[in-house]
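Visitor: I should like a close look at one part of this model, and then at the places where the backbone takes a less usual course. Please explain each term once.

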Amino acid sequence: MGLNMIVAVKWVPNTQIVNIDPTTGTLIREGIPSIVNPHDLNAVELALRLKEKYGGTVTAISMAPPAARAGLEFIMGMGVDRAILITDKVFAGADTLATSYTLAKAIEKLKPYDLLIFGHETIDSSTAHIGAQVASWLKIPYIYYVIDTEYRDGYIFAKRRLEKKIEIYKLPIPCLIAVAMRSNEPRPIKLEYKLRVKLENPLEVWTNNELQLSRACIGLRGSPTRVEKAVPTPTIPRKKMKYEGQDVKEAVKWLVDKLLEEGLKII
Amino acid sequence: MLNIVGKFDVVVVGAGPAGSSAAYTLSKNGFKVVVIERGRTAGSKNLYGGRVYSKPLEEIYPEFKREAPIERWVKRERFSMMVGGELLTLEYYSRNSTSFTAYLSRLAGWMAQKAEEAGAIIVTDVRVDDLYTEDGIVKGIVSGGDVLKADVVVDAEGVNRLILERHGLVPKLLPRQVALGVKETIRLDKQKIEDRFGLLPEEGLAWFIIGNVTGGLPGGAFLYTNTTTVSLGMVVFLEEACKKVQKHVFDILEDLRTSQPFSDILKDGVLVEYGAHLTPEAGLDMAPKKLYTDGLLVVGDAAGFLLNLGYTVRGVDFAAYSGYLAAKTIIKAHSEGNFKAENLSVYQKLLEESFIIRELRRHRKIAKLLRSSELFTTYPEIFVDVARKLFNIEYTSPTLLQSIRESIKGKTSLLSLIVKMLSLVRAL
């Protein structure tokens, strides 16, 4: 039978090299190359492993501007069967509510599905909302921080690691799992898959013509979230001080003294 | 082992200036070309100082001057010896210019885009592991167990030429064959750049600095102006650097940026990017014994095509032009019906006739001279000292000869200084 899986991926600015606009406090995205949200690569990897073990299909979806095509091509290079880019000006400016609604409606069109796999958060906003909200719209169970999954007797057994124990949850299909960061090693891009993407252009693009969603529920209009204020944190220049001695106790004392000079308070 | 969809005439390994120029030229002439690039985008793994010589690129890309992502045309050339915060500078200004500054990732991206528009397929994010051979003849590449066959392969893998090493076509790269380049990109107001460096809009500066700028390591520093950023960096010869290095090279570079006069020149600048890359320094002495074998051509940095003259560096134009010549070779070999070494040998001939090998040969001696530590420490000290004596006048001033004699005391003899200077002038 196998598992029909859908993985959601987000196209995000590479926050490792992104700068904050000191006056508006927002990310300066101009000229910053985007990448696939790293957590989502763990989700894709888990889906591909489950497919290898149990058979089935993996479909990747992303709601993003057209430039995200490159991100979905990357995912197809990992080996997913199908990729859909949901893109339309009317989806722009969406918060997590409008985004999860749009994704849920798109996923409904992909029925029947057994398992939705999401990264548990994104590096550009870190809300960790989307998986839970999509599952809620679809009225299916969900679980976060999953590190591995098995599929037996029509149930998903989702393993998640807590600080001192590993929990295993049994969920009926269809359900949604949100994958913990770095829970696996995403596979490299395969030449054959990436070349096929280039030669056959299999990426599907859906606009609101396909989804027919009410404007009140999508994009900026469907988004109640407002950012009240953003305050940039000051950058601290490197002091380039180095303890040159050998004595560990001395070194600790030196370090504490330096930190106290910087305004550190010991309570 | 999988066999791959599609059939290509040529596989190019690497979408830098050399690979993309080969792909562009071949595609324009009707060849089916695939370029395989390890980086996320074409050009994403490229890094250089900051300046490109234009003429060879204009020959390859007819619309180059109009379309390429050029930042500023270099009209001000500076060469300085620096000791402490003191500088002795030679400057050349001309309203004509044969070179420009650019972000290499963007320039290489543009070249790849031209290749793509001409019909080449560019596959990113994929590493090529090996060449695929049949009876010793290169017939494609291997990547992650996949074999992609082609009539001929162009190796544009860059300075870290692991594929050529794996195939025994070159020995392992030696520290003395390469230098380490480190560079910071500092965002600065367009107007401030033009005011501080004496530039008109769209005019650029290229500045080479030797002396105690590299923390005592043989090498030098450079500064280039882009439209709204300045690139400040340094190049250190790796063999000497390995032995003498006391701290991280990026710390040495930061020391330079935060010391006089650069702390003033770059005031209010914001560090937006930094990077490092190896650069080939041995020219012909590190080229593969043969730049072609049955079914294979080697271009760009992988072939050692870079010229460091001490007052300027040429790499991008050499790389792109070698890719262009490789393409011409393939076009010719195709018309002769096969890609055996004897048909590809015309590549060597084209290179010898071109500026690439002629330039590398002409300046062959310079590489050795450039790494003599006297050049980087003793002589700048002497010359800056002389300049100080001549220009810092309070009541009396010495004659030039007097000040030279005084400044070289204990460091070298006048005769050896003259001999060394002459040999340098002759090598240049």
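Guide: Helices (H or I, at least four residues) and strands (E, at least two) are DSSP runs, numbered from the N terminus. The model is predicted, so local features need pLDDT of at least 70 and side-chain atom pairs count only at pLDDT 80 or more, while totals for chains, interfaces and linings use all residues. Residues are numbered from 1 along each chain as its sequence is written, chains are lettered from A and ligands numbered from 1 in the order in which they are written, and side-chain values use heavy atoms, without hydrogens and water.

The part chosen is helix α2 of chain A, which runs over residues 69-78. Of its 10 residues, 8 are buried (under 20% relative accessible area; exposed is over 50% and partly exposed in between, with a 1.4 Å probe and protein chains only). The buried residues are A:G71, A:L72, A:E73, A:F74, A:I75, A:M76, A:G77 and A:M78. As background, an α-helix has 3.6 residues a turn, so residues three or four places apart point the same way.

What do these buried residues of α2(A) pack against? Their partners, in contact (heavy atoms within 4.5 Å), include the strands β2 (11-13), β5 (34-36), β6 (56-63) and β7 (82-86) of chain A. The helices α1 (38-54) and α5 of chain A are also among the elements that they pack against.

Helix α5 of chain A spans residues 191-200, and A:L191, A:E192, A:K194, A:L195 and A:V197 are buried in it. A positive phi follows each of these helices: A:G79, just after α2(A), has about 125 degrees, and A:N201, just after α5(A), has about 45 degrees. In general, most residues other than glycine have a negative phi, and most peptide bonds are trans.

Two further residues have a positive phi without being glycine. A:Y145, with phi near 60 degrees, belongs to strand β9 (residues 142-152) of chain A. Because its relative accessible area is 41%, A:Y145 is partly exposed. B:D268, with phi of about 70 degrees, lies in the loop between α9 and β16 (270-280) of chain B. Because its relative accessibility is 45%, B:D268 also counts as partly exposed.

The peptide bonds deserve attention as well. A:K111 and A:P112 are joined by a cis peptide bond, with omega about 0 degrees, and A:P112 sits in the loop between α3 (96-108) and β8 (115-119) of chain A. In chain B, a cis bond with omega about 0 degrees links B:Q260 to B:P261. B:P261 is placed in the loop between α8 (249-257) and α9 (262-265).

Chain B offers one more loop for study. B:T214 lies between β13 (203-211) and β14 (219-225). Because its relative accessibility is 1%, B:T214 counts as buried. A polar atom of the side chain of B:T214 lies 2.7 Å from the backbone oxygen of B:L217. Leaving aside residues up to four places away in sequence, B:T214 touches B:G219, B:G220, B:A221, B:M234, B:V235, B:V236 and B:I252.

Around these details, chain B as a whole has 18 helices and 20 strands. Its C-alpha atoms fill a box of roughly 80 × 45 × 40 Å along the principal axes. Of its 428 residues, 56% count as buried.

Key: A polar contact is a pair of N or O atoms within 3.5 Å; within protein, one must be able to donate a hydrogen and the other to accept it, and residues adjacent in sequence count only if both atoms are side-chain atoms.
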